[in-house]
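Here is a friendly walk through one protein model, written for someone who likes to check geometry on screen. Keep the viewer open as you read.

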Amino acid sequence: MQLGMVGLGRMGGNLVRRLARQGHECVVFDRNPAAVAALAGEHIRGAADLADLAGKLGRPRAVWVMLPAGEITEQTVAELGRLLEPGDTIVDGGNAFFQDDVRRAGEMKEKGIHYLDCGTSGGVWGLERGYCLMIGGTAEAVDRLDPIFSALAPGQGAIPKTPRREARDPRVERGYLHCGPSGAGHFVKMVHNGIEYGMMQAFAEGFEILKKASSPHIPEERRYLFDLADVAEVWRRGSVVSSWLLDLTSAALAEDPALSKYSGFVEDSGEGRWTINTAIEEAVPADVLSAALYARFRSRDREGTANKLLSAMRHAFGGHVEPKA
């Protein structure tokens, strides 16, 4: 099958490579000509701009947009809406806000163009492992692009079948799901990323507790000097908390036990905030996900006013003096 790809960063480039490996034809564009040139080869043709990309695709055309959420995606989808024709399909595979998808799908529907939102999870490992895909839009458009989704997804692999799923959608066991109408794919991916924040924070806090078990203020008979890399590794084997995130944690600690390459400044890419805002709208308590998001905010504020004020108040009401650094 043929697909246009706009955006050849870490994710977009590997999506194209995985499709080309399985014989799909890709026409690719990126604002950086070097990124296009680096990919061009068997089953992959470069395009000079969006108009050139649209012209090189056979009808009905399908174009996958893999760009950061926000204005760049907004502009790209709008321009594709002017270049494509009724029956063509736009797929937004980035991390867009689901409410934007609902609006954009409505705008494209007026032109007769299908619009799919596709939450894409797999990161830099997706080329080899495959991508978990969460898709929103019409069944007609999803079904037409099934060969693309099937090629990108990981497949069943060695994961055992879940009992009593015989009557359910078999695509789910291969790693991709039609979640519902427009916006549903990115809604599911949004919550996925919110959960990811919570899981990562739980591991981070747990390993911090293990590390601080040797602190001088702990009574000597209860001090423990744990090898964090070994703890992570043993948890990978038969433990209830084993997971891919733990696999990555174990690898990071084995390579650099002091994590000396990292400052502890933790960004958030938007989905965590959207998850919390949606939870508020639905009146759903999301204690863990909220705390994980706030922990990321705190990581960026080393000299923050809040902590200084806390220290000032303690000094004012109780004469508490900060320990010297």
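The report below goes from the sheet and its helices to the cavity and a pocket, and then to some local details.

**The sheet**

Please keep in mind that this is a predicted model. Its eight-stranded sheet is open, and the strand order is E3-E2-E1-E4-E5-E6-E7-E8 with mixed pairing. Strand E3 (44–46) and strand E8 (176–180) are the edge strands, as each pairs on one side only. If direction is ignored, neighbouring strands of this sheet are turned by 25 degrees against each other on average. As general background, strands of a sheet pair through backbone hydrogen bonds, either parallel or antiparallel.

How many bridges join strand E2 to E3? There are three, and these two strands run parallel, with E2 covering residues 25–29. To find one of the contacts on screen, start at Cys26, whose bridge partner in E3 is Ile44.

**Helices across the sheet**

Two helices are worth displaying together with the strands. Helix H1 (residues 10–21) lies across strand E1 (2–6), E2, E3, strand E4 (62–65) and strand E6 (114–121). Relative to E1, helix H1 runs at about 165 degrees. Helix H9 lies across strand E5 (89–92), E6, strand E7 (132–136) and E8. The angle of H9 to E6 is about 20 degrees. E6 thus appears in the list for H1 and in the list for H9.

**Cavity and pocket**

The structure holds one cavity of 30 Å³ or more. Its lining consists of Asn95, Ala96, His186, Lys189, Met190, Glu271 and Trp274. Helix H9 (184–211) and helix H12 (271–282) are the elements that give two or more residues to this lining. Which of the elements gives the most? That is H9, with three residues.

An open pocket, the second largest, can be set beside the cavity. Of the 13 residues that line this pocket, Ala105, Lys109, His114, Tyr115 and Thr138 are the closest to its centre. H5 and E6 are the elements that give two or more residues to the pocket lining. The table gives the volumes and the classes of the lining residues.

| Space | Volume | Lining by class |
|---|---|---|
| Largest cavity | about 30 Å³ | three nonpolar, two polar, two charged |
| Second largest pocket | about 170 Å³ | six nonpolar, six polar, one charged |

**A salt bridge in H5**

Helix H5, which helps to line the second largest pocket, also holds a charged pair. The side chains of Asp101 and Arg104 meet in a salt bridge, with an N to O distance of 3.8 Å. Both residues lie in H5 (residues 98–110), three residues apart, which is about one turn of the helix. In the whole structure, the search finds 23 salt bridges.

**Two backbone details**

Most residues other than glycine have a negative phi, and most peptide bonds are trans. Two places in the loops are worth a look against that background. The peptide bond from Arg59 to Pro60 is cis, with omega near -5 degrees. Pro60 is in the loop between helix H3 (50–56) and E4. Where does Arg164 lie? Its place is in the loop between helix H8 (146–152) and E8. Phi of Arg164 is near 65 degrees, which is a positive value in a residue other than glycine.

Methods:
Residues are numbered from 1 along each chain as its sequence is written. This is a predicted model: local features need pLDDT of at least 70, side-chain atom pairs count only at pLDDT 80 or more; totals for chains, interfaces and linings use all residues. Side-chain values use heavy atoms; hydrogens and water are left out. On a 1 Å grid over the protein atoms alone, a cavity is a set of points where a 1.4 Å probe fits but cannot get out, and a pocket is an open set with protein on both sides within 12 Å along at least five of seven lines; lining residues have an atom within 4 Å of a point. Grid points are joined across faces, edges and corners, and a volume is the space filled by probe spheres set on the points. Helices (H or I, at least four residues) and strands (E, at least two) are DSSP runs, numbered from the N terminus. Ala, Val, Leu, Ile, Met, Phe, Trp, Tyr, Cys and Pro count as nonpolar, Asp, Glu, Lys and Arg as charged, and the others, Gly among them, as polar. Two strands pair if DSSP finds at least two bridges between them. Axes are lines fitted to C-alpha atoms, for helices over the stretch in contact, and angles run from 0 to 180 degrees between N-to-C directions. Contact means heavy atoms within 4.5 Å. A salt bridge is a side-chain nitrogen of Lys or Arg within 4 Å of a carboxyl oxygen of Asp or Glu.
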